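Work through the exercises below with the sequence and the coordinates at hand. Each task is followed by a solution in steps.

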Amino acid sequence: MSDTEVTNPPVTAEEQTAARPPVGPGAKLTNRVTFLAVVAFAIFGIGTPLLGLTVFSNTDLLVASSPYHSAGLSSPEIRNRIANDVVASVVPNTELFADELRSGRLAAWNPYVGGGSPLGAVPNFAVLSPLSLPYYLLPMALAPGYVKLLEIICAVAGCFLFLRRLRLGRAAALLGGLAFASSAFMVMWSNWPQTRVAAFIPAVFWATERLATERRARDAALLAAALAAMLFGGFPAVTGYTVLTAGAYLLVRVLAEHPGRWRPVVGTLAAALAALVVAVLTAAVQLFAFVAAMSRVELSGRAQTGADHLDPASLITAVTPWALGSVNTFALERNAIESMSYVGAVAVVLAFVAVALPWRAWSFLPRGVWSFLVGAVAGWLVLIYLGRWPLAALQQLPALFSDSFVGRGRSVLGFLIAALVGIGFELLLRQVRATDAHPATSPASTAGSAGPDGPTGAAGTGRGALTGIGYTSTGRRRTWVATVLAGGLVGLALMVWTGRRAATADGGAGRFDLHLLIGFALLGAGVLCVAVLLRAGSGGRLTAPGRAGRRWRFGAAAGAVAIPLLVAVQALSLVVPYWPAADRDTFYPRTDVHEFLAANLGHDRFAAAGGGMYPGADSAARLRSLTGETFFDHRFAETVQALPGELFGSTLLRLPTTVEMAQSPVLDRLSVKYLVNPPWATIFGRATVAGTDGGTVTLTPDAPVSVPLAVPGPLRAVGVTLPAAVGSAGRLDVVLRDAAGQELARGSRRFIRATPGEPFYVPVPGDRITPDGPLTAELTLRAGRPVEVAALAGAPAISTIAGEDDGLALAYAGNSVVWQRLAALPRVRWASGALVAADPGQRLTALSQGTVGPDQVVLDEPPTREPDGLPATVEVTGDGTDRIEVVVDAQGAGHLVVADAIQAGWTATVDGVPAPIVPADHGLAAVAVPAGRHTVELRYELPRDNLGGWLSAAGLLTLAGVGVAVLVRNRRERRPRSG
């Protein structure tokens, strides 16, 4: 297939005239208003983050936890409490990659969360998506808003190009783009990579339409580029749904364009398959690593059945988005991000217009388009909202429907409905403009007469083939319209009934009724605009003489302009209260706890328990954490699951604030040097609660009060009893002093979760205080008003928690409490002995019971050489994102153990000679090292010696080659011929 070959039958002048949108006096105004509606949606929807005044990121959720909240950083309103993985994973990983890129390094691996996981090597975080460019050009706090702006531009432009290929006018094409950009999936999944994938769906269909009609190499290259952009965006389910739907569209279109001719059909399908192959090749640099990594990650609980679909009650949000509650208080079992089905009330009306008037759509749409769009929308609606046996049948296909929730298909469904919205608006505009431009011609005649294959004649040209509906009379057309309207009313009634039942069960019937009233008002406004446009475009009303004609022309113009404005206004009512606009101070601030960990953690890791640190949010701060949000290697996850009472999901690890967890031998093997608890968590140790005499003492702000303590050191907390609630605005500072007045330890705690009548403990890092001599607690109130505390003999009654020999030491007491785990092993360590356990259960039992010595390692298989049992010194000389370098000076043979999830994807060398990485302590890794001084280097490597990189280069060269060939050919064709 050459780049210029077109085998479609020539289009006649009559067909071209019928396909070209009529132009009337109001066309320019409608175009401009629709364009301004799109601009207003983007600018006012994103809002102040574009100016850098706020941040388009849900970091208001971040500062609701310790240590940020204890540091006084808080948000008056948390718009989205369920976007935790954006805050814990997406943004921190992207920031880490961007920081490394600015330093001249491509971070293929993130070692700072869990045991480590691929970063730039895989498309999970969309770091190579074209829409991620603002992250690398702008300050991190400014970039998310401009990423969203790029998404909107990409989505609207793609829809515009596609719908223009379908012969829609500018206003209708723009409105279709606005409907898609404001659809539920594109709004609710903002800040996840998912929308950076879905934004290219219209571009894929645009390129597919070009390929179906023009069959040129350049069109296949455009399709490959759009698909590659989707693949680089991660979240392969959306790409898979798009490929499946666009493939069906291409088949329908080529069969319609070439009826009875198999060669062009086979050739076009082969070109599309080649485009898919080139797209996969282009993205192979990440896809190879993605397949390898996902084959080892823990994904339990993600299997899907036919019952895993959206509740049909969520369909009411298609016309009134917040009828079932806010994003934080949604009435359905699945959250608002998964369930929101917004299209827009006026957009729904326009989509029904497109379905109800197929013979008019056939007059300008290419063959098969209307039938495909209507059928595809119906099919996706069944799969997403009804599920059962059709969904169960598709779940037999590998990966696409079996492992991913079908609700994510709203991405493709939103685009298909948006296309119908554009078509419906175009039908109305053509109705008016055709009459206005050709007053002698009635709308009935401009639609052409209908034959068995659709409209024929001057405006029809027989391009309605494959429609499946052959209208031959006005009566049958009216029957079809009545059927569609009746079906729409029945569907609307069911939506209202199921939605109200769900809202009532959740206690939100009043809220539902209010939002339903708003939605119905917008539906009524949309129906009124449609009625005015249809009425104005019939019976020659626009061309009537005098005042009557002027009134109808004004009404038609007002209706055409009102439609995009109504769509934009309701879309803004969805996004303004939902899209984030967090205070800039909430964007990953560094607190005193971060500073302590950065100064003391070294090459080891910490774990957050009970909200002591926001899990996973510290990648960019280079603080290595066990807890967080990531895809965990399945063997590393099994090791983690040996912890007592862990709270492990398939991608999220949290820990409880129990002493059993703090003392777990598994945390020792995982090199958790510090455990970070919130200030209000239980302080481990021996508590002594002070008695009171019933009186109170007033603590005055900034006035220290010294109280002798009846107990010696070591101490971990000093407490006072608050007779009444004091709010959370202030804090209490405590300094422990010896008999000479020297400061021994200090701590501070805000009055968060202070319970009246119970000791309010302020943690202090006094584990190193010896029991010699008396101690004094100096209390200083930091608040705006005095606070009453319980008294004993005229002084504050002081409760204490003393230290114990429990393997823990309170290392820091600030906006979070940092416990040092004294038995934690170094993350990079020497094992002079080995235990062998082939059974996984035996390995995990040995680790959890603490029967493995600190100088031993548990191996799956006997080592090739028995360790000599002699010590070694270990010096870590390099510890970056993708590389670890260690100098080992060993007195005998043994193993270098690295407590990371690097059993797969990593390679090792000893003095430059390749050495195998063997599983250690079930989920960790080890390298056998002989006696002597050696340099051990471990590196993350792309699979198969970076074969994916070479294939990506081949794919990019192919696309570039096609582009160069097109430029050369175009230049030759423009060159004037001599003679």
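**Exercise 1: a central strand and its partners**

Strand 7 (residues 605-608) and strand 11 run parallel and are joined by four bridges. The model is a predicted one.

Task: Determine which residue of strand 11 stands opposite Arg605, and how strand 11 pairs with strand 24.

Solution.
1. Opposite Arg605, strand 11 places Val672.
2. With strand 24 (residues 817-821), strand 11 forms four bridges in the antiparallel sense.
3. Within that pairing, Val676 stands opposite Val818 of strand 24.
4. Strand 11 covers residues 672-677, and five of its six residues are buried, which makes the strand mostly covered.

**Exercise 2: the sheet around strand 11**

Task: Give the strand order of the open sheet that holds strands 7, 11, 24 and 23, and state which strands stand at its edges.

Solution.
1. The four strands follow the order 7-11-24-23, and the pairing is mixed.
2. Strand 7 and strand 23 (808-813) each have a single partner strand, so each has one side without a neighbour in the sheet.
3. Neighbouring strands here are turned by 30 degrees against each other on average, with direction ignored.
4. Helix 25 (residues 592-600) lies across strand 7, strand 11, strand 23 and strand 24. Its angle to strand 11 is about 175 degrees.

**Exercise 3: an antiparallel sheet**

Task: For the open sheet with the order 12-22-15-18, find the edge strands and the bridge partner of Ala717.

Solution.
1. The sheet has four strands, with antiparallel pairing.
2. Strand 12 (686-688) and strand 18 (759-766) are the edge strands, as each pairs on one side only.
3. From one strand to the next, the twist averages 20 degrees.
4. Strand 15 (residues 715-721) is joined to strand 18 by six bridges, and the two run antiparallel.
5. Ala717 has Pro763 in strand 18 as its bridge partner.

**Exercise 4: a helix pair**

Task: Classify the packing of helix 2 (residues 27-46) and helix 7 (residues 170-181), and describe the residues of their contact.

Solution.
1. The packing angle is about 20 degrees, and the axes are 8 Å apart.
2. Angles under 35 degrees count as roughly parallel, and the two helices are therefore roughly parallel to each other.
3. Helix 2 passes helix 7 in a left-handed crossing.
4. The contact is made on helix 2 by Thr30, Asn31, Thr34, Phe35, Ala37, Val38 and Phe41, and on helix 7 by Arg170, Ala171, Leu174, Leu175, Leu178 and Ala181.
5. By type, these residues divide into nine nonpolar, three polar and one charged.

Definitions and conventions:
Residues numbered from 1 in each chain as written. Predicted model: local features only at pLDDT ≥ 70, side-chain atom pairs only at ≥ 80, totals over all residues. Heavy atoms only, no water. Axes fitted to C-alpha atoms, helices over the stretch in contact; angles between N-to-C directions. Parallel < 35°, antiparallel > 145°, perpendicular 65-115°, else oblique. Left-handed = near helix turned anticlockwise from the far one by under 90°. Contact = heavy atoms within 4.5 Å. Nonpolar A, V, L, I, M, F, W, Y, C, P; charged D, E, K, R; others polar. Buried < 20%, exposed > 50% of the residue type's maximum accessible area, 1.4 Å probe, protein only. Pairing = 2+ DSSP bridges.
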